Structure formats: C-alpha cells, structure tokens
Amino acid sequence: GLWQQPGGMNDTLNNTNRTRLARTGIAPLTPDEALTLLDQALEQPEPAVVAVRFATSALDGLAGAGTLPPLLTRLSSARPVPATATAPVEALADQLRDLDEEQRDTVVLDAVRGSVAAVLGHAGAATVDPDAAFADLGLDSLTAVELRNRLASVTGMRLPATLIFDYPNPAALAGYVRSLVEPEPAEQVDPVAAELDRIEAVLETAAQDAERRNAMSARLRSMLAKWSTVPIGPDDGIDVKLQTSSAGEIFDFIDNELGRKN
C-alpha cells in the first residue's frame, strides 16, 4: 500500500498520482501502521496478502457511480450500480437531440474535457486544451485507464483499452464519443405507404373465407386498373401519379373504391 513517509517509490508520485489514488479509495499508511500490518500479514494462512488502507467513503462513492472494481465490492457498504447501465448514454444523447452540429460538438467536447480534468485533478474542463496531446496533458498508463472507465460510464458502452492511443487528444476523442451517442435521426414516414400498410393489415384479418377473399381481390384489381389508366400525361404512368398526388387524393380514391364514401 501507499506509505506517508517520503522517499523511495513515493518520490516518483506527483500530485496527480496522489489525487488519483485518493479517488480510487487508497489512503496512505503511517510507517507504524504499515509495519504493524506487515507483521500481521506474516501470521496469516493466506498465501498472498496486501497491506493497504482503504477509505470506505471513497469506495462508497465509486460503488454509487458504478465504477468500483469488482474485487473491492465487499469493502463498500453502498449498493453497486451495474457497469452496463445505459442511463448515461441516453442522457447524453438526449442533450444532443435538439442541438445543431456546432452545439453537439461543444457538448460532447465539454464532457470529454471534464472527464480529463477530473482524472488529472484539474479545477474544471476549461483547463484542458482540446488539441493538446494526452501525454503532454500528463496522462500516464494508470490515468488513461481511469479516463477510459469514466467515459465508459458516460457512454454506457465498453471502450477499448487503447482509447487514448487511438484518439490522442481530447478533440479527437470527443469525435469518437459523439459517434457513439449520436441520436438516430427521426425516420420519415410516408403517409401513403403507412395507409396502404394499414389497409393490408385490415384485409389480412377481414378475408376469412375463400369467397370473400376472391371478391376483395377482384375489387383491388379493379382499383389498380382504374388508377393505372388515370390520364395524367402522355409519358406518365402510375408511379408518377402516386408521386404527384397528395395523400388526401389517394385516401379519397381508396375510400371511394372500398365503398366508405358515397
């Protein structure tokens, strides 16, 4: 575990490293505490033990956020949130739904910069240069993993371990994240096709016997023949007529032919 006493490996830790360790729930040990734990470890029957002090409040926070490593779940009193929860990605997608292209870029970039700032222990997203390389910002292999985990929570998706190597700065990474959470465009429904689908469904349930089905088939063939021969131009056919007629004209034609209007 982490010792409070300076020297040795502790001298290789900067403020970012210490902040990251605190966020993950690892608290420093005084030399007396550490030596006592090592003495106790020698008396244990287990083949491998770790002398480390955990801050349970930090572990509870990780559990509530769904980012507590499974190995540590029994050390937390908080109920863990499944790592596969999809609420974050839905929330981010909802934020983008009614925005234009520029606004979407801004929202996603701010989310990425905010995650980078949190990992590095910065005051806020504004301190993170979107075009600076992650290596220049101070990310190392451990903070890269933490950043990946944070963004996985934001998107609700599994992300590759090589994330910051594939997308080496916040701007590039934001473009990738946006591609994951981009809301699907609303499907444009053709009202004529929708009405024909409805009529088709009605016919499938209405024609219960062969005689009635034959009568309806004849009626439909008659309708199609009339529609095909409507004079609309020397070079125009039924496809052009369908494209140029309004939905109301087509619906009126179908209603008349089915006998729903006088």
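In this predicted model, the side chains of Arg178 and Asp105 come together in a salt bridge, with 2.5 Å from N to O. This pair joins distant parts of the chain, since Arg178 belongs to helix H9 and Asp105 to helix H5, with their positions 73 residues apart in sequence. The two partners can also be described by their accessibility: Arg178 has a relative accessibility of 10% and is therefore classed as buried, whereas Asp105, at 45% relative accessibility, counts as partly exposed.

Arg178 has a further acidic partner, Glu101, with which it forms a salt bridge whose closest N and O atoms are 2.6 Å apart. Here too the pair links distant parts of the chain, with Arg178 in helix H9 (residues 170–181) and Glu101 in helix H5 (residues 101–120), 77 residues apart.

Another salt bridge is formed by the side chains of Arg113 and Asp110, at 4.0 Å from N to O. Both residues of this pair lie within helix H5, where a spacing of three residues places Arg113 and Asp110 about one turn of the helix apart. Arg113 has a relative accessible area of 14%, which is under the 20% limit, so this residue is buried; Asp110, by contrast, is partly exposed because its relative accessibility of 37% falls between 20% and 50%. Through salt bridges that share partners, Glu101, Asp105 and Arg178 are joined into one network.

The structure holds four salt bridges, among them the pairs tabulated here.

| Salt bridge | N to O distance |
|---|---|
| Arg178 and Asp105 | 2.5 Å |
| Arg178 and Glu101 | 2.6 Å |
| Arg113 and Asp110 | 4.0 Å |

As a general point, side chains of opposite charge can pair when their charged atoms come close.

A separate site is centred on Glu146, which is found in helix H7, a segment that spans residues 141–155. The relative accessible area of Glu146 is 12%, and because this value is under 20%, the residue is counted as buried. When residues up to four places away in sequence are left aside, the contacts of Glu146 are with Arg20, Arg23 and Val119.

Notes: Residues numbered from 1 in each chain as written. Predicted model: local features only at pLDDT ≥ 70, side-chain atom pairs only at ≥ 80, totals over all residues. Heavy atoms only, no water. Helix = DSSP H or I, 4+ residues; strand = E, 2+ residues; numbered from the N terminus. Buried < 20%, exposed > 50% of the residue type's maximum accessible area, 1.4 Å probe, protein only. Contact = heavy atoms within 4.5 Å.
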